[in-house]
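Here is a back-and-forth for someone who likes to see a label checked against its number. Have a look at the model, then follow the reasoning.

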There are 2 protein chains.
Amino acid sequence: MSEGHPVVLGVGLHPFGRFPERTIDDLAREAALAALSDAGIEFKDVQAGYVGRVGGAGPPVGVGMRLFAELGQHGIPITNIEMACGSSSRAIMLAEDAIRAGSVDVAMVLGVEKMERGMLRVGGADDVSYASMMGLNVMPAAYAMMAQRHMSEFGTRPEHFAQVSVKSHRNAVHNPNAQYRTAITLEEVMASRMVCEPLTLYQCCPTSDGASAVILASSAFARRHTTGPVRLRGSAGVSPVYTRGRESQGEGPTSLAAERAYRRAGVGPSDVHVTQVHDAFTPGEVLTIEELGYVPRGEGGPFVWEGGTEITGRAPVNTDGGLLSRGHPMGATGGAMVTEVVRQLRGQAGERQVAGACVGLVQNAGIGGVNVLIFER
Amino acid sequence: MSEGHPVVLGVGLHPFGRFPERTIDDLAREAALAALSDAGIEFKDVQAGYVGRVGGAGPPVGVGMRLFAELGQHGIPITNIEMACGSSSRAIMLAEDAIRAGSVDVAMVLGVEKMERGMLRVGGADDVSYASMMGLNVMPAAYAMMAQRHMSEFGTRPEHFAQVSVKSHRNAVHNPNAQYRTAITLEEVMASRMVCEPLTLYQCCPTSDGASAVILASSAFARRHTTGPVRLRGSAGVSPVYTRGRESQGEGPTSLAAERAYRRAGVGPSDVHVTQVHDAFTPGEVLTIEELGYVPRGEGGPFVWEGGTEITGRAPVNTDGGLLSRGHPMGATGGAMVTEVVRQLRGQAGERQVAGACVGLVQNAGIGGVNVLIFER
């Protein structure tokens, strides 16, 4: 029933930051209306709704119905998706399935979050697993351990990781939707409070509020609304794999998800012009560019250090500031990554534009797995 | 990319009831292994996992990863779905999309819940909407108001509703997975404590623990594993529709979902041999059989009263005891409904078998909408 790849018809954001006076309804509405306007369609054209949100106190029962009801009650199926920090990219993949299956022509994915401090704990409050008791339910610790392993195995230096944050903040200066829009120096990053060796405070993403909206449409529908469609060429989601001792041979979830997404999209790592990776902590960029195949294993640190992931580098990464500087309202992050890639591929990224970007990749990780999505204009 | 309708290859349950000594992991594992055994496949054959769960205290972050990890970590995408009491039927629809889209050949949907008393509140803990403040966030009140309207409009009597519970309990006697397996009389139902006029205690579903698992496969894959496939012919999900004053003309969510599902499945109400409806409270059956088109508007009460929805009636409903007697562990309910319909269509329902059942329908409602799924053997 599929006729060509689904098209990203519209994207929109509520700025990321801290908005104590606003409800999630306010955030979601602003993003949704921006995406509808960007797509040039009305809400009545939307045939399915998906909401990516992790939620706060208590189960987020029925939140999707409430968020969409304000846009208009015309009876579309609405589904709430949770995959922690990867919620909205996974929701976009479900919308992709629905369109490819011929179930709907137009779907809207809302990602939204108002975060409380310390809300995220791997496996939920009732997780009493060994990994959790060993401290792996605290995210900075998990990333720090990956960094330590990388340093030990490949000689990566603490400043390689810190440089990710320097570049991230510099990019975010040009992003009006970013939470932090002030450049910082390597010295400032290195001298900020130590959170978990080697990660200092400025190498950790902030607690954020924000929303994203992505409208996906079938080729046939999109043809009537855009002449320069950005297409979702392929995607893959991978949950943790039993790879004891083989992670360093490229068998981790991101490598597997990338391999499958490349195959489905019919492209390879060297074809990608702009990338958004899950830099909740700085090792996220160093390790992921290796897993995506942009650089050989172990060379991520020097590559970042030498500017390879700058907007003008060989493999521009997190042009909008990434999680570290744009912010990371968990449920909204995947949609924000897609929003940036779409704007880059359309040539609408202003001062952070990657020249001639035609193929873009999103890598969004959450508790439960990794999603890789590849777009092309 | 679709080649024929997806097939339900396997179904399995953990018995419904109260299991304070068991974790959700225990419940989910038992249902999953039962479904794999029923399907005659191994977990390594499963290419995608979906989990329907509402959750308890705190966000249910990453629960799906944990539940599936125990079955084997081979890197499949795992997605957590929440649509309150309709979670697992919606998850089955997402698996249906993935198979029709050609994304995967085999998907497993786990539905699981351990319920706390009073955990469900429409719109979440932060819901301050008008409807919520007026008491509509308390489910017995919502159903009681629907019953009152029906009584006022069509002359339906309190005992018509009570009879639903009598039949439900009688059917559950023959269901080893049901929470309540004792028949009760009309007098007992009517004389039980009043909860919300006209609904007495025995007209309200219990608080339950339990799990369901449903394995969906593409036609091509299923051909190698079964010679008498039960197919998912069509489904539709509908969120609340703005229908002020028109509900009684059949424009509510169930009517719309049924209309769409019938169209997709190529059948009509008179073709359905066995039905599972969302009888969280007894009006759920009386009103739904009207909305599904089994009887004209207003005739649901007398139809139930005269035995029309008995196993031997014209339109058998909730042959396994339904939510009222089988139990209603929210995330698991949709999958349990599908399990019963599949067993009926395969002729495996034992003493509760509907003779010659070939077409079955599931109507599962949750905060956020209604799902209708139609199966055929």
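**Asking the model why**

Q: How much of chain A counts as buried?
A: Of its 377 residues, 65% do. The cut-off for that label is under 20% relative accessible area. Bear in mind that this is a predicted model.

Q: How do you know that the size of chain A agrees with a compact globule?
A: Set the value against the rule: with 377 residues, a compact globule would have a radius of gyration near 21 Å, and chain A has 19 Å, so the two agree. Along the principal axes, the C-alpha trace spans about 55 × 45 × 40 Å.

Q: What secondary structure does chain A have, and how many of each element?
A: There are 13 helices and eleven strands in chain A.

Q: What share of the contacts in chain A join residues at least 24 apart?
A: Counting contacts between residues at least 6 apart in sequence, it's 75%.

Q: What makes up the accessible surface of chain A?
A: Carbon and sulfur atoms account for 53% of a surface of about 12800 Å². As for charges, chain A has 33 positive and 38 negative ones, and their mean positions are 3 Å apart.

Q: What confidence does the predictor give?
A: Chain A averages a pLDDT of 92, with 91% of the residues scoring at least 70. For the complex, the ipTM is 0.94 and the pTM is 0.95.

Q: What is the omega of the cis peptide bond that joins A:Glu197 and A:Pro198, and where does A:Pro198 sit?
A: Omega is about 5° for that bond. A:Pro198 belongs to the loop between strand S5 (194–196) and strand S6 (199–200) of chain A.

Q: Which residues of chain B does a cis peptide bond join?
A: B:Glu197 and B:Pro198, with omega at about 5°. Here B:Pro198 is in the loop between strand S5 (194–196) and strand S6 (199–200) of chain B.

Q: Why is B:Ala84 called buried?
A: The label needs under 20% relative accessible area. B:Ala84 has 0% relative accessibility, so it counts as buried. You'll find B:Ala84 in the loop between strand S3 (78–82) and helix H3 (87–100) of chain B. Its phi is near 50°, which is a positive value in a residue other than glycine.

Q: What can be said about the phi of B:Asn318, and is the residue buried or exposed?
A: Phi is near 55°, again positive in a residue other than glycine. B:Asn318 has a relative accessible area of 0%, so it is buried. Its loop runs between helix H11 (300–305) and helix H12 (322–325) of chain B.

Q: Why is B:Met146 called partly exposed?
A: Buried stops under 20% and exposed starts over 50%, with partly exposed in between. B:Met146 has a relative accessible area of 36%, so partly exposed is the right label. This residue lies in helix H5 (residues 139–154) of chain B. Its C-alpha is 15 Å from that of B:Ser255, a residue 109 places away along the chain.

Q: How do you know that B:Thr333 is buried, and what is it in contact with?
A: A relative accessible area of 0% is what earns B:Thr333 the label. Leaving aside neighbours within four places in sequence, its contacts include B:Cys85, B:Ser88, B:Arg326 and B:Asn364. B:Thr333 is part of helix H13 (residues 330–345) of chain B.

Q: What makes B:Val372 count as buried?
A: Its relative accessibility is 0%, so B:Val372 passes. B:Val372 sits in strand S11 (residues 369–376) of chain B. Not counting residues up to four places away in sequence, it touches several others, among them B:Gly234, B:Thr254, B:Ala261 and B:Leu361. The C-alpha atoms of B:Val372 and B:Leu256 are separated by 9.5 Å, with their positions 116 residues apart along the chain.

Q: Why does A:Ser208 count as buried, and where is it found?
A: At 0% relative accessibility, A:Ser208 earns the label. Its place is the loop between S6 and strand S7 (209–217) of chain A. Residues it touches, not counting those up to four places away in sequence, include A:Arg18, A:Glu113, A:Gln179 and A:His328. A:Gln348, 140 residues apart from A:Ser208 in sequence, is 25 Å from it, C-alpha to C-alpha.

Technical notes
Residues are numbered from 1 along each chain as its sequence is written. Chains are lettered from A and ligands numbered from 1 in the order in which they are written. This is a predicted model: local features need pLDDT of at least 70, side-chain atom pairs count only at pLDDT 80 or more; totals for chains, interfaces and linings use all residues. Side-chain values use heavy atoms; hydrogens and water are left out. Helices (H or I, at least four residues) and strands (E, at least two) are DSSP runs, numbered from the N terminus. The radius of gyration is taken over C-alpha atoms; the globule rule is 2.2 Å times the number of residues to the power 0.38. Buried means under 20% relative accessible area, exposed over 50%, partly exposed in between (1.4 Å probe, protein chains only). Contact means heavy atoms within 4.5 Å. Accessible areas come from the Shrake-Rupley method with a 1.4 Å probe; for residues, only the protein chains shown count as cover. Lys and Arg count as positive and Asp and Glu as negative; His and the chain ends are not counted. The place of a charge is taken as NZ of Lys, CZ of Arg, CG of Asp or CD of Glu. pLDDT is the predictor's confidence in each residue, from 0 to 100.
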